[in-house]
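Work through the exercises below with the model open beside you. Try each task before you read its solution.

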Amino acid sequence: MVNDPLPYVFEPSHQWHGSDGPWSTFLVNVGTPPQTFHILPATNVQETWVPLPQACAQSSFDCPKAQGVPDLSTSTGFDTNRSTSWKDDGIYNLVSEEALGYNGNGMYGTDVVELLGKSTQHGPKLEHQVVAGIVDDAFSPGIFGLGPKPSNFSTANDPQPSFMRTLVDQNLIPSLSYGYTAGSKHSWLTGNFGSLTLGGYDASRFIPNNLSFSFAGDDSRSLTVGLQSITAENTSQGDVTLLGDGILSLIDSTVPHIWLPPLVCDMFASAFGLTYDNATDLYLVNDTIHENLTVLNPSLTFKLGNDRDSGPTIPIKLPYTAFDLEIRNPFHTNSTNQSTKYFPIRRAQNDTQYTLGRTFLQGAYLIADYERQNFSVSEVKLINPIPPRHIIPIHALNTTRPSSSPSSPTTPSSLSSPDSTDNHSTQKLSTGIIVAIAILSTIFLVIASLVLFGLYRRYRPSSTLDEPARPPPGKDWLKAHRKENTRRWVHELDASSFSDKWRPRGYSESEKANRELPGSAAAQELEAGMREGSLGSPSAGRGWGRGRGRAPWEDVEGRWELPGHEARSRRSGASSRRSGQVRGNLGRLIG
């Protein structure tokens with residue numbers, strides 16, 4: 001009998017960062033020697049994303065802090081040249097949030113990643129972890145992925161395990177699970193910091209309930225819930241129903257906003273006095289409205305269930321303070337170049353964009369159990385001071401646990417206490433019953449064998465028939481697609497079993513020209529430019545990667561960008577009407 005390891009409590013940094021928050025961050029070290037960054041847990045990503053120095057090449061003086069660089073650091077971002085353990089894998093798309101229009105690129109590689117506490121206590125330190133250096137302001141500060149999927153680059157047969165998977169494989173946490181709440185700066189005088197437990201959860205942080213959710217069939221939207229209604233109390237219009245017809249919504253802490261149908265956003269704007277800004281696609285709050293809302297102190301209740309409109313539900317109540325956020329450069333600037341208050345809802349263009357982002361998780365506690373393929377959502381306890389931790393492990397399914405393993409009455413029933421899921425009592429069967437079962441089993445096997453043999457002889461394929469067309473081997477299939485599709489979850493399939501169901505949504509043969517891997521014409525042009533020294537960057541002359549010359553940046557209308565980098569958002573409708581000046585601010589990521 002082997003005892004499980006304990007869950008790892010990832011201490012928050014006790015600081016607040018971000019250009020669209022503020023958000024409670026955590027600290028990680030990346031590289032050798034270590035470079036420290038503030039990051040945010042991301043439920044829909046399996047990698048670690050940290051800013052490159054070029055992200056702040058021509059930005060304001062506080063850009064490094066907004067990007068997650070610690071206050072006392074002289075760094076402006078992750079310098080791959082300084083890390084002796086960095087192994088470059090190339091430039092790939094950041095695919096996790098493409099449905100929401102985030103289309104940035106990352107400089108991918110592997111390196112050492114270490115978790116830190118608020119006083120830089122050293123936690124798990126893992127080698128050969130997938131890291132992306134980014135220049136996209138949409139993901140500032142950086143990202144620490146909680147997803148279990150492996151990442152693939154040059155071949156589908158060489159998946160790189162995620163940080164969470166490696167923790168389990170190295171017996172550092174009991175199971176592939178976590179508990180997380182984002183925290184809220186405005187909860188109390190010092191704020192209610194985020195809480196993240198790997199391999200378990202903190203039962204002291206939430207109000208338990210008996211509702212569990214099964215993972216969705218689409219593994220890119222595993223944490224999907226039925227959002228059956230949204231109601232608001234004490235608004236300028238009194239008590240109102242903002243969402244009456246239910247929708248299916250993804251819980252995703254990778255992004256800050258709550259994405260809702262446009263008509264629902266209009267109702268929010270009317271009830272809270274919000275002003276829609278066409279240039280940024282955000283809902284702004286002026287000073288007068290903010291003062292009124294502070295006095296009214298409205299609250300919003302999200303009713304969640306397993307379906308859009310039926311079955312048991314749970315309420316998650318959030319105060320107005322959870323929506324009292326600020327946006328600053330580069331997302332939005334005013335005449336005084338100060339931050340602007342905004343209300344973090346976004347207009348979804350279709351049902352694939354319905355999302356409950358980090359704003360929602362300020363008032364909700366999420367427990368995800370990838371061992372049992374289910375999760376729970378509970379309302380956060382808003383009490384001051386925060387009670388002592390009550391850490392409950394979530395054990396792996398194949399673990400034999402001692403009978404004295406602790407249990408907790410506060411655990412949601414689906415995730416249960418560590419003993420209640422797969423530690424069932426058994427009773428011995430009588431000898432007669434065992435003999436009868438054995439005889440019946442033998443008879444059944446004989447009959448089944450005869451039936452299968454007859455079917456085989458009747459339906460055995462003829463060698464004279466033409467064989468049906470087979471999908472190309474995995475390696476060749478990947479070469480026909482652009483880079484982002486090489487980082488897919490290998491669903492226990494061999495390399496030759498890829499089929500059309502693995503193609504990205506909306507893929508067509510005509511798109512192949514725009515979906516190229518290294519070795520394609522675009523890649524060859526990039527490599528040629530680097531050899532000839534025709535490509536440079538704000539840091540040209542320092543070298544890039546492993547002796548490959550200057551950094552792979554392109555001069556696009558006076559700004560430096562990664563090759564193939566697209567505007568951060570391609571959303572239609574209002575987003576396409578953004579003014580040229582603001583679009584320049586959003587797109588000017590480096591230099």
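The exercises cover one helix, its two ends, and some unusual backbone angles.

This is a predicted model: local features need pLDDT of at least 70, side-chain atom pairs count only at pLDDT 80 or more, and totals for chains, interfaces and linings use all residues. Residues are numbered from 1 along each chain as its sequence is written, and side-chain values use heavy atoms, with hydrogens and water left out.

**Exercise 1. Find the buried side of helix 4 and what covers it.**

Step 1. Locate helix 4 at residues 287-296. Helices (H or I, at least four residues) and strands (E, at least two) are DSSP runs, numbered from the N terminus.

Step 2. Pick out the buried residues: Ile289, His290 and Leu293. Buried means under 20% relative accessible area, exposed over 50%, partly exposed in between (1.4 Å probe, protein chains only).

Step 3. Ile289, His290 and Leu293 cover an arc of only 100° around the axis, so they sit on the same side of helix 4. The arc is that of the directions from the helix axis to the C-beta atoms.

Step 4. Turn to the face directed away from the buried side. Asp287, Thr288, Glu291 and Val295 are exposed there.

Step 5. Look for the cover. Helix 3 (262-272) and strand 25 (340-343) are among the elements over the buried residues. Contact means heavy atoms within 4.5 Å.

**Exercise 2. Inspect the two ends of helix 4.**

Step 1. Start at the N-terminal end. Asn286 caps it. A side-chain oxygen of Asn286 lies 3.2 Å from the backbone nitrogen of Thr288.

Step 2. Move just past the helix. Asn297 has a positive phi of about 50°.

Step 3. Place Asn297. It lies in the loop between helix 4 and strand 22 (299-305). Asn297 is partly exposed, at 44% relative accessible area.

**Exercise 3. Which residue in the loop between strand 1 and strand 2 should you examine for its phi?**

Step 1. Recall the background. Most residues other than glycine have a negative phi, and most peptide bonds are trans.

Step 2. Go to the loop between strand 1 (8-10) and strand 2; His14 is there. Its phi is positive, near 65°.

Step 3. Check the exposure. His14 is partly exposed, with a relative accessible area of 35%.

**Exercise 4. Locate the cis peptide bonds at Pro22 and Pro33.**

Step 1. Gly21 and Pro22 are joined by a cis bond, with omega about 15°. Pro22 is in the loop between strand 2 (16-17) and strand 3 (23-24).

Step 2. From Thr32 to Pro33 the bond is cis, and omega is near -5°. Pro33 falls in the loop between strand 4 (26-30) and strand 5 (35-42).

Key
Polar contact = N/O pair within 3.5 Å; in protein donor to acceptor, adjacent residues only side chain to side chain.
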